[in-house]
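Me: I'd like a close look at one charged spot on the surface of this protein, and then a walk outward from there to the other charged residues. Could you take me through it step by step?

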Amino acid sequence: MEPMFDKKRLLWLLTLVALLTAGLHPSPADEPNASQGAERKLPPGELGRLVQLGREIVENTHDHPLSKEFVGNSLDCTSCHLDAGTHPEAASFLGVAAAYPAWSPREQRVVTLQDRALNCFMRSQNGTRPPVGSQVAVAITAYITWLSTDQPIRMNPDKPLGPNHVPPLEGTTGDIDSGKSLYEDNCAYCHGDNGEGSDDGPPVWGDGSYNDGAGLSRVPKLASWLKVAMPLDDTTLSSQEAFDIAAYVNSHSRPKFRLQDHLPKEGKAGVYNGDGG
């Protein structure tokens, strides 16, 4: 009697199983990671040029010729979205475009990726919302979308957050006195003794930093970001230490957010329903 499986049949079967299952588990090259933005090939032609322009604006927002008029402090997009948004944890852009359109509790409507990016100019960068469809708006969102290439679309019905958003820290509050000591030991070298910033790090309070309408002005949100982002390239803070530093940083003065000061001239903002909160 002929054997049920000879060597040739067994090899054929194993090859077939490997081919059928290959698509079920994405390879490392398919996963969003910090190297994608550096290694992925730009699209050809004008689209590729625009994607590259978007990255340049993200890296130099407060002094780039196209975006500086919309920025009211010394921050760049990459001040929070580390490595121009390619950091896998610190406010990552990887996969973000796949989450939009998304529901925004603040605005009580569904927003686009362009809406979300432009709103950051008003709060995190204490500036003016660029016009919808402007070169700045399209370049930044083209770059973010490029970083989401090949990622499955999972529109977010709850919040305008991407798949790699910073997870919240729960169950603790910050101590300002402890935060002061921790800031002096871990943060002042880059961000200045008085939060004024330096060549190595952006300002974290005062006129050059984000206003009190920005997400990071809330202690829990800043603490969550600090836990995955700081100290730079050496994220050793405990959750409690992150809360303490966040409480200390946000105990200082910073610009006040007044919505009317941050919207462009009538008809240039698109639809925006967010209040001053």
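Reply: Let's start with Lys-159, which counts as partly exposed because its relative accessibility is 46%. A buried residue would have to be under 20% and an exposed one over 50%, so Lys-159 falls in between with its 46%. Keep in mind as we go that this is a predicted model. You will find Lys-159 in the loop that links α5 (135–146) to α6 (176–186). Which residues gather with Lys-159 in a patch of positive charge? They are Arg-106, Arg-218 and Lys-221, and the patch lies on the surface.

Now for a residue of the opposite charge. Glu-241 sits in helix α9, which covers residues 239–249. Glu-241 is classed as partly exposed because its relative accessible area is 27%. Once neighbours within four places in sequence are set aside, Glu-241 touches Leu-182 and Thr-236. Asp-175 is another residue to look at from here: its C-alpha lies 8.8 Å from that of Glu-241, although 66 residues separate the two in sequence.

Next, the charged pairs. Side chains of opposite charge can pair when their charged atoms come close. How many salt bridges does the structure hold? There are 8. One of them joins Asp-261 to Arg-258, with 3.0 Å between the closest N and O atoms. Asp-261 is partly exposed because its relative accessibility is 43%, and Arg-258 is likewise partly exposed because its relative accessible area is 44%.

Other salt bridges share partners, and together they link Glu-107, Arg-109, Asp-115 and Arg-129 into one network. Arg-109 is a good place to enter this network. Its side chain meets that of Glu-107 in a salt bridge of 3.1 Å, N to O, and it also meets the side chain of Asp-115, this time at 3.3 Å, N to O. Are these partners buried or exposed? Glu-107 and Arg-109 are both buried, and Asp-115 is buried as well. If you are viewing the model on screen, compare this with the pair described before: Asp-261 is partly exposed, while Arg-109 and Asp-115 are buried.

One more residue is worth a stop, this time an uncharged one. Ser-79 lies in the loop between α3 (45–59) and β1 (102–104). Ser-79 counts as buried because its relative accessibility is 16%. Leaving out neighbours within four places in sequence, Ser-79 makes contact with Pro-202 and Trp-225.

Finally, let's step back to the whole chain. Its secondary structure consists of 9 helices and 2 strands. Read from the N terminus, the order of elements is α-α-α-β-β-α-α-α-α-α-α. Of the 277 residues in the chain, 46% are buried. Among contacts with a separation of 6 or more, 67% are between residues 24 or more positions apart. The accessible surface of the chain is about 15100 Å², and carbon and sulfur atoms account for 56% of that surface.

To return to your starting point: Lys-159 belongs to the positive patch on the surface, while Glu-107, Arg-109, Asp-115 and Arg-129 belong to one salt-bridge network.

Technical notes. Residues are numbered from 1 along each chain as its sequence is written. This is a predicted model: local features need pLDDT of at least 70, side-chain atom pairs count only at pLDDT 80 or more; totals for chains, interfaces and linings use all residues. Side-chain values use heavy atoms; hydrogens and water are left out. Patches are made of residues with over 30% relative accessible area and no salt bridge: like charges are joined within 9 Å, nonpolar side chains (Val, Leu, Ile, Met, Phe, Trp, Tyr) within 5 Å. Accessible areas come from the Shrake-Rupley method with a 1.4 Å probe; for residues, only the protein chains shown count as cover. A salt bridge is a side-chain nitrogen of Lys or Arg within 4 Å of a carboxyl oxygen of Asp or Glu. Lys and Arg count as positive and Asp and Glu as negative; His and the chain ends are not counted. The place of a charge is taken as NZ of Lys, CZ of Arg, CG of Asp or CD of Glu. Helices (H or I, at least four residues) and strands (E, at least two) are DSSP runs, numbered from the N terminus. Buried means under 20% relative accessible area, exposed over 50%, partly exposed in between (1.4 Å probe, protein chains only). Contact means heavy atoms within 4.5 Å.
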